[in-house]
Amino acid sequence: MPDPSRIRANVVGDSTEVKVLMNHEMETGQRKDAQGKVIPAWFIQDVTATWNGKTVLSAQWGPAVAKNPFLSFTWVDNRGEKRTDEATIA
C-alpha cells in the first residue's frame, strides 16, 4: 500500500476547510505493462469522512479518478455562511 494520505484542516470562524492528498496509483484496468499484459484495476472505491462519529461526506469513486487524487471540501455553518473552494478528484 502507498504511503498514507496527507490531510490539512484550516478553521476560520465557523467554517473548516479540509484538504486531503491521497497517495494511490489508481489503475483503470485498461493499461498494459511492457510485456503487453493488462495491469489489473486498483482504485479507491469508497471515501468517507466522519466528524464526531457522524458521516459528513460519502463518495463512491471509480477507475476514472486520477492517480494521487486531491480532495478539498468546506463546511457550511448553521447560519448558511459558507466558504467555497474547489473539489478536485481528477
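This note goes through a predicted model, point by point.

1. Confidence. The chain has a mean pLDDT of 82, and 83% of its residues score at least 70. Confidence is highest in strand E4 (residues 54–60), with a mean of 89, and lowest in E5, with a mean of 80. Over residues 85–90 the pLDDT stays under 50. For that stretch the model has 14 contacts beyond four places in sequence, and any reading of those contacts has to be set against the score.

2. Overall content. The chain holds five strands and zero helices, and the pattern along the sequence is β-β-β-β-β. Of the 90 residues in the chain, 24% are buried. Among contacts between residues at least 6 apart in sequence, 39% join residues at least 24 apart.

3. The three-stranded sheet. Strands E1, E2 and E5 form an open sheet in the order E1-E2-E5, with antiparallel pairing. Strand E1 (6–12) and strand E5 (70–74) are the edges; each has a single partner strand, so one side of each lacks a neighbour in the sheet. On average, neighbouring strands of this sheet are turned by 10° against each other, direction ignored. The antiparallel strands E1 and E2 are joined by seven bridges, and Ala 9 stands opposite Val 18 in E2.

4. The E3–E4 hairpin. Strands E3 and E4 also run antiparallel, joined by six bridges. Thr 48 stands opposite Ser 58 in E4. Two residues lie between the strands of this hairpin, where Asn 52 takes a positive phi near 50°.

5. The core. Which residues make up the largest nonpolar core? The 12 residues are Val 18, Val 20, Met 22, Met 26, Ile 44, Val 47, Ala 49, Ala 59, Trp 61, Val 65, Leu 71 and Phe 73. Two or more of them come from each of E2, E3 and E5. In soluble globular proteins, nonpolar side chains tend to be buried together. Val 18, the residue opposite Ala 9, is one of the core residues.

6. His 24 and Met 26. His 24 is located in the loop between strand E2 (15–21) and strand E3 (46–51). Is His 24 buried or exposed? Its relative accessibility is 6%, so His 24 counts as buried, the cut-off being under 20%. A polar atom of the His 24 side chain lies 3.1 Å from the backbone nitrogen of Met 26. Met 26 is itself listed in the largest nonpolar core.

7. Pro 4. This residue is found in the segment before E1. Pro 4 has a relative accessibility of 66% and therefore counts as exposed, the cut-off being over 50%. Pro 4 and His 24 are 20 residues apart along the chain, and their C-alpha atoms are separated by 9.0 Å. The pair thus joins an exposed residue with a buried one.

8. Gly 62. The loop between E4 and E5 contains Gly 62, which is partly exposed at a relative accessible area of 21%. Leaving aside neighbours within four places in sequence, Gly 62 is in contact with Met 26, Phe 43 and Ile 44. Of these contacts, Met 26 and Ile 44 are among the residues of the largest nonpolar core. Gly 62 and Glu 27 are 35 residues apart in sequence, with a C-alpha to C-alpha distance of 9.8 Å.

Technical notes
Residues are numbered from 1 along each chain as its sequence is written. Side-chain values use heavy atoms; hydrogens and water are left out. Helices (H or I, at least four residues) and strands (E, at least two) are DSSP runs, numbered from the N terminus. Buried means under 20% relative accessible area, exposed over 50%, partly exposed in between (1.4 Å probe, protein chains only). A polar contact is a pair of N or O atoms within 3.5 Å; within protein, one must be able to donate a hydrogen and the other to accept it, and residues adjacent in sequence count only if both atoms are side-chain atoms. Two strands pair if DSSP finds at least two bridges between them. Axes are lines fitted to C-alpha atoms, for helices over the stretch in contact, and angles run from 0 to 180 degrees between N-to-C directions. A nonpolar core is a set of buried Ala, Val, Leu, Ile, Met, Phe, Trp, Tyr and Cys residues joined through side-chain atoms within 4.5 Å. pLDDT is the predictor's confidence in each residue, from 0 to 100. Contact means heavy atoms within 4.5 Å.
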